[in-house]
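Hi,

Here is the structure I said I'd send over. Have a look at it first, and my notes follow underneath.

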Amino acid sequence: MKGSPIRIAQIMGKWLGGGVEAVVMNYYRHIDRDKIQFDFICDQDSTCIPYEEIEKMGGKVILIPPYQKAIKYQKQLKKTLMEENYKIVHSHISTMSIFPLFASKRAKVPIRIVHGHSTTNKKEWKKNILKQILRPFVKVFATDYICCSELAGRWLFGNKTYNQGKVYLLNNAIDIEKFSYNEEIRNRMRKELNIKKDTLVIGHVGRFVKQKNHQFLIRIFNEIHKQNKNSVLLLIGQGPLQEEIKTQAKLLDIEESVKFLGQRNDANALYQAMDMFILPSLYEGLPVVGVEGQASGLLCLLSTDMTQETKILKSTIFISLNKNEKEWADIAIKQFSKFERKEKNYELERSRFNIKKESENLIKIYDNIMKERL
C-alpha cells in the first residue's frame, strides 16, 4: 500500500443521516487516509450528506439513481465503477447489496464486500419480505463479508459461513472523548432547551420508522410521566412516522413534555442533557446510538430484540418487548433511583468500541482481503 491511497467505493444507498452513515463516517474520520480513501456512492434522493466534510478529507460523493430504478441504476453504477477503476467496493445496504455488487461484478471490480449492519423482526414481515427473499443470495456476487455484530453476521451470512471464520467482525466504534460526560455541556444544553436542572430527561436518537418502535416509546414515557410530572422526552431524528408520533403525544396529552428536535449534528452534546436513554427497537444489528449513550454515562434501557454485544457498562439493562409500557416505566424509575452518572472513559477506551483501535482493525481487514484477492 505504497504511494497514493487505495480508493474504496462505499455504497451507501439513501443517505438519510442514520446509524449506518454515522458508523461509516466515524471510520472515515479516524482511518489513516494516507493509506485508504473513501468515495461515497449514494442515491440521488439522499438527504443530510456531509459533502463539505467528505471533500475536505479528500473523498468524493457520487450520486446515482436509486436501485429501485433498476436499469438506470445498473447502467450508471457500472459506468462509474469502470471510469473510476475501483479495486474495492464496500456495500452497506444489507440484502439490497445484491444490486450494487451485481453491477460491481459486471464492472470487473475484483473485491466486492458486503457489510451486515442489521437483522429483522417478524413484526415487520411485510416490509422485510424482499429482505428475506434476497438474504440467501446476498453472497452470490460478494467476495468478502463483514458484520457489525455476531448476531448480524449470522443473520445475513448464515451460521455455517460465520462458524467457518469467513466473516470479519468490525464493531460500531465511536470517538469516546467526543461523548464523554461533561457537566458544563449538560448545563448549557439544558439551558438552550429550556429544561430545568432537576427535570428527569429521557432521550432517544433514531429515525421515525417502525423498527425504532416510537409508538411504544411514547407509551413508556407516558407511564413515567404519570409518576413524575417533572419529566421530558427528547426525540432526535426525522422520518416518515414523525407526524404520527406527534399525534400520539397529543392524544396522550403529553405533547408539552415531548420535544421533537429533528435531525441534529450535535447529538453528542444532547446526550449530556439526558438522564436516561431508552431504545425499544424491534431489531438492530448493533445500534451505534446505544454505544454513544453508554459513552455519555447514561442509564441505558435497550430491548432484548437486539444483540447483547451492545452492552458495555454494568448499568445497561435489556428489557423484553413482551413486557408492557408500565413494566418498562417501573423498571426505568426503579433503576434510575439508584443510578449515579459518572464519566466512563476508562471502560469505553478498553472496549471494542474505541474508534482509535477499530480504525486500525479496518485497515487490517482491507489489507488481508487485498493480499488474498489482488
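Contact below means heavy atoms within 4.5 Å. By that yardstick, the buried residues of helix 4 (residues 98–106) pack against strand 1, helix 3 (70–84), strand 4, strand 5 and helix 5 (129–134). The residues in question are I98, P100, L101, A103 and S104. Right after helix 4 comes K108, with a positive phi of about 60°. Do keep in mind while you click around that this is a predicted model.

**The overall picture**

The protein has 16 helices and 13 strands. Its C-alpha atoms fit a box of roughly 60 × 40 × 40 Å along the principal axes. For 374 residues, a compact globule would have a radius of gyration near 21 Å, and the protein agrees, with 21 Å. Of those 374 residues, 56% are buried. The exposed surface comes to about 17,100 Å², with carbon and sulfur atoms supplying 49% of it. As for contacts between residues at least 6 apart in sequence, 70% of them join residues at least 24 apart.

**The sheet of 7 strands**

One open sheet has 7 strands in the order 3-2-1-4-5-6-7, with parallel pairing. Strand 3 (60–64) and strand 7 (167–169) are at the edges with a single partner strand each, so one side of each has no neighbour in the sheet. From one strand to the next, the twist averages 25°.

Going into the pairing, strand 1 (residues 6–13) and strand 4 (residues 88–91) run parallel and are joined by 4 bridges. Within that pair, I8 stands opposite I88 of strand 4. Strand 4 is also joined to strand 5 by 4 bridges, again running parallel. On that side, I88 has I111 of strand 5 as its bridge partner.

How many of the residues of strand 5 are buried? The count is 6 of the 6, so strand 5 is largely enclosed by the rest of the structure. In a regular strand, side chains alternate between the two faces of the sheet. Here both faces are covered: I111, I113 and H115 are buried on one side, and R112, V114 and G116 are buried on the other.

Some helices lie over this sheet. Helix 1 (residues 19–30) lies across strand 1 and strand 2 (36–43), and runs at about 155° to strand 2. Helix 6 (residues 150–157) lies across strand 5 (111–116), strand 6 (144–147) and strand 7, at about 120° to strand 5.

**The sheet of 6 strands**

There is also an open sheet of 6 strands, ordered 10-9-8-11-12-13 and with parallel pairing. The edges here are strand 10 (258–262) and strand 13 (317–319); each has a single partner strand, so one side of each is left without a neighbour in the sheet. Neighbouring strands in this sheet are turned by 25° against each other on average, ignoring direction. Strand 10 runs parallel to strand 9 (residues 231–236), and 4 bridges join the two. L233 stands opposite V258 in strand 10.

**Two residues in helix 10**

Next, a pair of polar residues you may want to look at. Is E223, which sits in helix 10 (residues 214–227), buried or exposed? E223 has a relative accessible area of 13%, so it counts as buried, the cut-off being under 20%. The side chains of E223 and K226 are joined by a polar contact of 3.1 Å. An α-helix has 3.6 residues a turn, so residues three or four places apart point the same way. Setting aside neighbours within four places in sequence, E223 is in contact with E325, K326 and A329.

N222 is in helix 10 too. At 10% relative accessibility, N222 is buried as well. Which residues does N222 touch, leaving aside neighbours within four places in sequence? N222 is in contact with L252 and I254.

That's what I have for now. Shout if you'd like to go through any of it together.

Cheers

Notes:
Residues are numbered from 1 along each chain as its sequence is written. This is a predicted model: local features need pLDDT of at least 70, side-chain atom pairs count only at pLDDT 80 or more; totals for chains, interfaces and linings use all residues. Side-chain values use heavy atoms; hydrogens and water are left out. Two strands pair if DSSP finds at least two bridges between them. Axes are lines fitted to C-alpha atoms, for helices over the stretch in contact, and angles run from 0 to 180 degrees between N-to-C directions. The radius of gyration is taken over C-alpha atoms; the globule rule is 2.2 Å times the number of residues to the power 0.38. Buried means under 20% relative accessible area, exposed over 50%, partly exposed in between (1.4 Å probe, protein chains only). Accessible areas come from the Shrake-Rupley method with a 1.4 Å probe; for residues, only the protein chains shown count as cover. A polar contact is a pair of N or O atoms within 3.5 Å; within protein, one must be able to donate a hydrogen and the other to accept it, and residues adjacent in sequence count only if both atoms are side-chain atoms.
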